[in-house]
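Work through these exercises with the sequence and the model open. Try each task before you read its solution.

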Amino acid sequence: MSNMRGWFVQNSHMKASDSELDDNEITSSPQREKWCGHQFLFKFQGFWFTKTYLETTKRVVETLKPLTGDVILASFPKTGTTWLKAILHSILHPSPQHQNHPLALNHPQELVPSLETNLYVDKGTELDGGYKNPEFLAVKDPQEARILATHIPYQILGDILNSSDCKVVYVTRNPKDTLVSLWHFLQKSSDVEKDPWEVGAAVDQFCRGVVPFGPYYDHVLAYRQESLNRPEKVYFLTYEDLKEKSKNHVRKLGEFLGCPFDQSEKGEEKIDEIVKMCSFETLSSVEVNKSEETSSVFPLPYSSFFRKGEIGDYKNYLEEKMIARIDSVTEEKFHGCGFMYGI
Ligand code: A3P
């Protein structure tokens, strides 16, 4: 069910030897590095993937044909994807606030599936497990927006995104909170419990870019550049700005997606409702979102996607020297490109 599912399905079923390269395509992947939980990451076109995600990413690249009405939610893991899934779904599928509201009954990850982790997982793999959503890819009305999420970098998916008139929404988050959120998320995996991923190792791998879908910095910069080149097609926002100016972003996203809110009191009320419904406080108290149960294919609890939802939590986990190291990479990569963000 989740955008992180592959990591943990592997974690929960694989022994170290299982992560050896075993198919021709992947064997041609020149570089690999041990990551956490006995897993390896493989380098492909400058980015790092788990074995599962490398396969599904290639499948997406080979077969995805975005439609004009599609909305692609792109992000690096742990930057606010779930939040944006809820917001985009609310804007594009408006529903009165009542107990049957889609977000009151469904986990946002289920309302908005991810390409490489849900929809392009081959039948017969461990990931399949009976959870398939072909209906999400079936096109009923070509004008009707499908919302599809992905962590695939723009450097790999860009040609496909540009081949259609689809719109892209990209969310990012400051690197230190992103890393800490990722680190927490992984602590829930039983394999990581057995083979701990220490914070120091996580900082080192993050700074070197060796995390799934990393390097984080290259991921962010390419989508940002595309939003500067094609602002009418790519909407770039940060987690922090969304927190601070939620209403503003919901209003602007409505315009960007071609369904502007009324400039009336009613329109304002609708925006308020979406902001409230999608807030961390509301969503994290929804039964399914706080459930400690796991779906048949996802070994982590549904609640894993809602931890703290705060800005600056990294201060509680990273030592000064770790912060300094990440900040120096941020300065070089982001500030060096004129993107004054992340420190
Ligand atoms: P923390 O671990 O810092 O709490 P993703 O959805 O990309 O996996 O990101 C998960 C992060 O977003 C987690 O951060 C999670 O708590 C936070 N999050 C989830 N829903 C949110 C919401 N509605 N508002 C703000 N943050 C949210």
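Proline 215 sits in the loop between helix 12 (199-208) and helix 13 (216-229). Keep in mind that this is a predicted model.

**Exercise 1. Find what is special about the peptide bond from glycine 214 to proline 215: is it cis or trans?**

Step 1. Go to the loop between helix 12 and helix 13, where proline 215 lies.
Step 2. Read omega for the bond from glycine 214 to proline 215. Omega is near 5°.
Step 3. Name the bond. The peptide bond is cis.

**Exercise 2. Locate glutamine 45 and lysine 78, and give the sign of phi for each.**

Step 1. Find glutamine 45 in the loop between strand 2 (40-44) and strand 3 (47-49). Its phi is near 50°, a positive value, and glutamine 45 is not a glycine.
Step 2. Move to the loop between strand 4 (71-75) and helix 4, where lysine 78 lies. Lysine 78 is not a glycine either, yet its phi is positive, about 75°.
Keep lysine 78 in mind for Exercise 4.

**Exercise 3. Describe the largest pocket: what is its volume, and which residues lie nearest its centre?**

Step 1. Start with the volume. The largest pocket has about 480 Å³.
Step 2. Turn to the lining, which has 31 residues. Trp83, Tyr239, Phe280, Phe305 and Gly309 lie nearest the centre.
Step 3. Trace the lining to its elements. Those that give two or more residues are helix 4 (81-92), helix 10 (175-187), helix 14 (239-244), helix 16 (265-277) and helix 17 (280-285). Helix 4 has the largest share, with 4 residues.
Step 4. Sort the lining by type. There are 13 nonpolar, 11 polar and 7 charged residues.

**Exercise 4. Place the ligand: which space does it take, and what surrounds it?**

Step 1. Find the space. The ligand takes up the largest pocket.
Step 2. Look at the 18 residues around the ligand. Thr81, Thr82, Ser181, Tyr239 and Lys308 come nearest.
Step 3. Sort this shell. It divides into 7 nonpolar, 7 polar and 4 charged residues. Helix 4 gives the most, with 3 residues.
Step 4. Check the polar atoms. The side chain of lysine 78 has an N or O atom 2.8 Å from an oxygen atom of the ligand. A polar backbone atom of lysine 308 is 2.7 Å from an oxygen atom of the ligand. At cysteine 278, a backbone N or O atom lies 2.9 Å from a nitrogen atom of the ligand.
Step 5. Finish with the surface. Alone, the ligand exposes 570 Å², and the protein buries 99% of that.

Key
Residues numbered from 1 in each chain as written. Predicted model: local features only at pLDDT ≥ 70, side-chain atom pairs only at ≥ 80, totals over all residues. Heavy atoms only, no water. 1 Å grid on protein atoms, 1.4 Å probe; cavity = no way out; pocket = protein on both sides within 12 Å on 5 of 7 lines; lining within 4 Å. Points joined across faces, edges and corners; volume = space filled by probe spheres on them. Nonpolar A, V, L, I, M, F, W, Y, C, P; charged D, E, K, R; others polar. Near = heavy atom within 4 Å. Polar contact = N/O pair within 3.5 Å; in protein donor to acceptor, adjacent residues only side chain to side chain. Areas by Shrake-Rupley, 256 points an atom, 1.4 Å probe, with all protein chains shown as cover. Sits in = over half its atoms within 2 Å of the grid points.
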